[in-house]
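Work through the following exercises with the model open in a viewer. Each task is followed by a solution in steps.

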Amino acid sequence: MTARPDDMDDLARLSARIGADPLLIQAAGGNTSVKDGQVMWIKASGTLLAEAETRDIFVACDLPAMRDSLQKGEDRADRPMEFALAQDGLRPSIETSLHAVFPQRVVLHAHCIHTLVHAVQADPVAAIGTKLGGFDWGIVPYAKPGADLAMLVRDEVEKGRDVIILGNHGVIVAADTVAAADDLLHRVSAALRMDAVPLQAATLGDLPAGWMVGPASLSHVAGDPALLSMATGGSLYPDHVIFCGVGALACDMPPEGDSPPFVLIPGKGAAMRADATSGAWALARCLGDVLTRVPEGAALNYLTLAQNGALLDWDAEKYRQALNG
Ligand SMILES: [Zn+2]
């Protein structure tokens, strides 16, 4: 049994706090880690940061072995379970390699709504403008979470950057203490803060059996033609694809039989399947929370067909979804 670092409890407390904030983390998304010499403790795949204080969500990984594997470009760099120090059932996060490339001890990765509002735009650098002027920040284009993304992030880390915006994905911050990482994430999120437009209530009336009114922000999107067309343009970030499927479907009536977890009823609101998972609810709300903050007329960048496909056909993600079933 690997001994835990002294600040593990502090990290658990911080993880639970950010995990409970839907503007930072949705469902099983995001992850946190702390390095202790040769060992990196990281959130296990499929677990919830929000549960960090009530269950053991961290697994110990062999940090030098993971870094070495990434450096060599080995396939196994994308199989983080091979670097777990205990084979006790929990697998290290799919995004373990993203954390390993930072020299700092504490790394926080969040799917921050305020960050996403910028990171889903066609020109995220222009959208961010001077807002992050006080930070050592960098940005990487979208890549599938895992080793490919980690190598892009590593190039930024080598320039001394400790705030990395991930295109169509989120943000990573790194610091040597839990308190400093907490502060950094908080300040980045505040610097990128975008307020949502005032929400219009859904007017869905009676829904067919098996359907219920969806999240308020997503209902607003369905009621606003410009936002509705943004929503139906495609997928904006990976967890949407994982939990809600590709893009969003607009239709005048919820379909019978097979359908995605939510549909957008133009002019009326978002309808959610009554059997939708908590993950699907969280990501449905996320889409509404992002789009109700996007500046009017902004051009968005959608995941390509191949990028959507790569997310759906991914063993590691199937495992994460099964845990969240
Ligand atoms: Zn992520």
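**Exercise 1.** Determine which residues of strand β9 are buried on each side.

Solution. Step 1: fix the terms. This is a predicted model, in which local features need pLDDT of at least 70, side-chain atom pairs count only at pLDDT 80 or more, and totals for chains, interfaces and linings use all residues. Residues are numbered from 1 along each chain as its sequence is written. Strands (E, at least two residues) and helices (H or I, at least four) are DSSP runs numbered from the N terminus. A residue is buried if 20 or more other C-beta atoms lie within 10 Å of its own, exposed if 12 or fewer, and partly exposed in between, with C-beta atoms placed from the backbone.

Step 2: apply them to β9, residues 262–265. Phe262 and Leu264 are buried on one side, and Val263 and Ile265 are buried on the other, which covers both faces of the strand. In a regular strand, side chains alternate between the two faces of the sheet.

**Exercise 2.** Place β9 in its sheet and find what packs on that sheet.

Solution. Step 1: pair the strands. Two strands pair if DSSP finds at least two bridges between them. β9 and β10 (residues 269–273) run antiparallel and are joined by four bridges; Ile265 has Gly269 of β10 as its bridge partner. Three residues separate the two strands of this hairpin, and Gly267 in the turn has a positive phi of about 80°.

Step 2: add the third strand. β8 is joined to β10 by three bridges, again antiparallel, with Trp211 opposite Arg273 in β10.

Step 3: read the order. The open antiparallel sheet runs β8-β10-β9. Because β8 (211–213) and β9 stand at the edges with a single partner strand each, one side of each has no neighbour in the sheet. Neighbouring strands are turned by 30° against each other on average, direction ignored.

Step 4: add the helix. Angles run from 0 to 180 degrees between N-to-C directions of lines fitted to C-alpha atoms, for helices over the stretch in contact. Two residues are in contact if their C-beta atoms, placed from the backbone, lie within 7 Å. Helix α8 (residues 216–223) touches β8, β9 and β10, and its direction makes about 130° with that of β10.

**Exercise 3.** Describe the seven-stranded sheet and the helices on it.

Solution. Step 1: the order is β3-β2-β1-β4-β7-β6-β5, in an open sheet with mixed pairing. β3 (58–62) and β5 (137–140) are the edge strands, each with a single partner, so one side of each is left without a neighbour in the sheet. The twist averages 20° from one strand to the next.

Step 2: take one pair in detail. β2 (residues 39–43) and β3 run antiparallel with five bridges, and Val39 stands opposite Asp62 in β3.

Step 3: place the helices. Helix α1 (residues 8–19) lies across β1 (31–36), β2 and β4 (106–110), at about 170° to β1. Helix α7 (residues 178–191) touches β4, β6 (163–166) and β7 (170–175), and makes about 145° with β7.

Step 4: check helix α6 (residues 147–157). Its buried residues include Leu149, Leu152, Val153 and Glu156. Their cover includes α2 (63–72), α3 (96–100), β5, β6 and β7.

**Exercise 4.** Is Asp176 buried or partly exposed, and which residues does it contact?

Solution. Step 1: Asp176 is in the loop between β7 and α7. Step 2: Asp176 counts as partly exposed because it has 13 C-beta neighbours inside 10 Å. Step 3: leaving aside neighbours within four places in sequence, its contacts are Gln104, Arg105 and Val106.

**Exercise 5.** Summarise the chain and its domains.

Solution. Step 1: the chain has 13 helices and 10 strands. The radius of gyration, taken over C-alpha atoms, is 19 Å, against 20 Å from the globule rule (2.2 Å times the number of residues to the power 0.38) for 325 residues, so the chain is as compact as a globular protein of that length. Buried residues make up 50% of the 325.

Step 2: an automatic or database domain assignment gives domain 1 (8–191) and domain 2 (211–323). Their centres, over C-alpha atoms, are 24 Å apart. The contact takes 22 residues from domain 1 and 27 residues from domain 2.
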